[in-house]
Amino acid sequence: SLYCKTEIIMKAINNQGIITIHQSVPHTLQTPTGTIMNAPALSDNELKELGLFDLIIPADFDERIHDLGEIYFDSTTSVFKKDIVNKTWTKTIEQYKDQAINNFNHRVGSELAKSDWYIIREMENGTEVPSEITSKRQTLRDTSNATEIEINELITIEEIITYDYPNLD
């Protein structure tokens, strides 16, 4: 996933109206004038002369809440760019909150299920549940309750989508 805080730089070339994107300089480069072998050995200036320029994606791009616009060439900076476009949300903020809380509670439930057999054993034959197990289970429930409160206090869908859930380990 792309959650970094620096510009994302790839490479792109416009070959007769078709822009091709590369993660880095490709070994074999198709240019408007032909095929170039061992392109990584070329200098930046030589690559630019062949039409291969940086593709810049803004540092604040977050695929959880953004899409990328169409690629275009910015002639003032001589780079290809893709602008950030905010995603369109299809649910209400309350629906996203409910979904986030339910997803987290499902994870908490899965963690609790790992020790359910202690509880069942105690109910069936009176074998006491070890205190570290009851403590861990209470911590999970407390974490679940606190997380639900935090999510319900969020005011934008973007905050909900990018919410950093607590670690359950």
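**Close-up views of a predicted model**

**View 1. Contact of helices α2 and α4 in the predicted model.** On the α2 side, the residues in contact are K97, A100, I101, F104, N105, V108, E111 and L112. They meet R137, L140, R141, T143, S144, T147, E148, I151 and N152 of α4. Sorted by class, this contact comprises seven nonpolar, five polar and five charged residues.

**View 2. Relative orientation of α2 and α4.** Helix α2 covers residues 93-113 and helix α4 covers residues 131-153. The two helices pack at an angle of about 175°, and their axes lie 10 Å apart. Because angles over 145 degrees count as roughly antiparallel, α2 is assigned that orientation with respect to α4.

**View 3. The five-stranded sheet.** The sheet is open, and its strands follow the order β2-β1-β5-β8-β7 with mixed pairing. Its edges are formed by β2 (18-22) and β7 (72-74), each of which pairs on one side only. From one strand to the next, the twist averages 40°.

**View 4. Strand β5 and its partners β1 and β8.** Strand β1 (residues 8-15) and strand β5 (residues 52-57) run antiparallel and are joined by six bridges. Among the residue pairs, I9 of β1 has I56 of β5 as its bridge partner, and A12 is partnered by F53. Strand β8 (residues 79-81), in contrast, runs parallel to β5 and is joined to it by two bridges. Here I56 stands opposite K81 of β8. I56 thus has a partner in β1, namely I9, as well as the partner K81 in β8.

**View 5. Burial of strand β5.** Of the six residues in β5, five are buried, so the strand is largely enclosed by the rest of the structure. In the sheet order, β5 is placed between β1 and β8.

**View 6. The largest nonpolar core.** This core has nine residues in all: I8, M10, A12, F53, L55, I57, F61, I71 and F80. Strands β1 and β5 each supply at least two of its residues. A12 and F53, both members of the core, are also bridge partners. In soluble globular proteins, nonpolar side chains tend to be buried together.

**View 7. A separate nonpolar core.** Apart from the largest core lies another, made up of eight residues, including I151, L154, I157 and Y163. I151 also belongs to the α4 residues that meet α2.

Technical notes:
Residues numbered from 1 in each chain as written. Predicted model: local features only at pLDDT ≥ 70, side-chain atom pairs only at ≥ 80, totals over all residues. Heavy atoms only, no water. Pairing = 2+ DSSP bridges. Helix = DSSP H or I, 4+ residues; strand = E, 2+ residues; numbered from the N terminus. Axes fitted to C-alpha atoms, helices over the stretch in contact; angles between N-to-C directions. Parallel < 35°, antiparallel > 145°, perpendicular 65-115°, else oblique. Contact = heavy atoms within 4.5 Å. Nonpolar A, V, L, I, M, F, W, Y, C, P; charged D, E, K, R; others polar. Core = buried A, V, L, I, M, F, W, Y, C linked by side-chain atoms within 4.5 Å. Buried < 20%, exposed > 50% of the residue type's maximum accessible area, 1.4 Å probe, protein only.
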